[in-house]
Amino acid sequence: MHNMKIESPSTQDSTPIVFSAEMIAEINSVIAMFPEGKSKSAIIRILHIVQTHYRWTSVPAMNAVAEILNIQPIEVYEVASFYTMFHLNPVGNYVFEVCRTGPCMIVGSDDIIAYIEEKLNVKVGGTTADGMFTLKTAECLGACGYAPVLQCQYKFHEHLTKEKVDEIIEAYRTASFVN
Ligand code: FES
């Protein structure tokens with residue numbers, strides 16, 4: 001059984017980040033959706049904007065979000081580190097997020113995770129040497145009836161078997177999947 005693994009933020013680079021005017025405008029339009037004094041509720045939407053732009057959510061980026069929302073950085077870290085969809089470290093071109101919650105575990109998600117680790121020569125949380133794949137685990141992806149399941153970008157791969165994993169990896173390697 002895989003141990004629960006909480007991703008720690010990268011400490012690689014603490015250089016402050018300055019968001020582009022375009023990003024700031026997008027962030028402000030999200031903040032405007034919330035009542036005055038409740039802008040903290042925009043954190044998740046803003047983190048999605050940040051991650052779409054940078055492909056991951058660095059500490060300097062989270063600090064910049066905190067500054068915009070006029071809250072403490074820890075308040076942003078708490079949200080970003082709670083949701084596995086936010087990447088606190090740089091990721092590869094394709095991020096495999098394998099569900100490890102009960103229903104998926106009962107039908108073999110641990111074996112699937114171990115197989116992907118072996119096949120890609122990475123541990124959970126790691127990225128392949130060629131920068132192509134990152135392997136993460138996730139809590140219930142809402143597709144329990146199709147377990148075991150992995151999500152890559154916005155695409156779901158269901159009823160996973162080792163053979164299917166082989167096909168999926170090959171398809172991404174040869175860019176047969178469009179995300
Ligand atoms: S438990 Fe895996 S999708 Fe719900």
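Which residues are exposed on the other side of α7? Keep that in mind; we'll get to the helix after a look around. One thing to know before you click: this is a predicted model.

**Stop 1: the two domains**

Colour residues 1-89 as domain 1 and residues 94-173 as domain 2. Their C-alpha centres lie 25 Å apart. Now look at where they meet: six residues of domain 1 are in contact with eleven residues of domain 2.

**Stop 2: Ile-43 in domain 1**

Select residues 43-54, which make up helix α2, and pick out Ile-43. Is Ile-43 buried or exposed? Count the C-beta atoms within 10 Å and you get 20 others, so Ile-43 is buried; the cut-off for that word is 20 or more.

Next, show what Ile-43 touches beyond the residues up to four places away in sequence: Val-65, Leu-69, Val-76 and Val-79. Try a distance from Ile-43 to Leu-69, C-alpha to C-alpha. The two are 26 residues apart in sequence, and 8.2 Å apart in space.

**Stop 3: strands β1 and β2**

Move over to domain 2 and select β1 (94-99) together with β2 (residues 133-138). These two strands pair in the parallel sense, over six bridges. Zoom in on Phe-96 and you'll find Leu-135 of β2 standing opposite. As for β2, five of its six residues are buried, so the strand is mostly covered.

**Stop 4: the cores**

Stay with Phe-96, and add Val-98, Ile-116, Val-149 and Leu-150. In the largest nonpolar core, which has 21 residues, these five touch the most other members. Which elements give two or more residues to this core? They are β1, α6, β2, β3 and α7. The largest share comes from β1, with five residues.

Val-149 is worth a click of its own. Leaving aside neighbours within four places in sequence, its contacts are Cys-99, Cys-104, Leu-141, Ala-143, Phe-156, His-157, Glu-158 and Leu-160. Apart from the largest core lies another one, of 15 residues; among them are Met-62, Val-65, Val-76 and your earlier pick, Ile-43.

**Stop 5: Thr-128 in a loop**

Follow the chain from α6 towards β2 and stop in the loop between them, at Thr-128. It has 17 C-beta neighbours inside 10 Å, so Thr-128 counts as partly exposed. Its contacts, again without neighbours within four places, are Gly-92, Leu-120, Asn-121, Val-122 and Phe-133. Draw one more C-alpha to C-alpha distance, from Thr-128 to Val-91: 9.4 Å in space for 37 residues in sequence.

**Stop 6: helix α7**

Now for the helix from the opening question. Select residues 162-173, the twelve residues of α7. At 1.5 Å a residue, the helix should span 16 Å, and its end C-alpha atoms are indeed 16 Å apart.

Show the side chains of Val-165, Ile-168 and Tyr-172, which are buried. Look down the axis of α7: the buried residues fall within an arc of 65 degrees, so they line one face of the helix. They pack against β1 (94-99), α6 (109-120), β3 (150-152) and β4 (155-157).

Then turn to the other side of α7, and here is your answer: Glu-163, Asp-166 and Glu-170 are exposed.

For a last click, go just past the helix. α7 is followed by Ala-175, whose phi is positive, near 55 degrees.

Conventions: Residues are numbered from 1 along each chain as its sequence is written. This is a predicted model: local features need pLDDT of at least 70, side-chain atom pairs count only at pLDDT 80 or more; totals for chains, interfaces and linings use all residues. Helices (H or I, at least four residues) and strands (E, at least two) are DSSP runs, numbered from the N terminus. The expected span of a helix is 1.5 Å times one less than its number of residues. A residue is buried if 20 or more other C-beta atoms lie within 10 Å of its own, exposed if 12 or fewer, and partly exposed in between; C-beta atoms are placed from the backbone. The arc is that of the directions from the helix axis to the C-beta atoms. Two residues are in contact if their C-beta atoms, placed from the backbone, lie within 7 Å. Two strands pair if DSSP finds at least two bridges between them. A nonpolar core is a set of buried Ala, Val, Leu, Ile, Met, Phe, Trp, Tyr and Cys residues joined through C-beta atoms within 7 Å. Domain bounds come from an automatic or database domain assignment.
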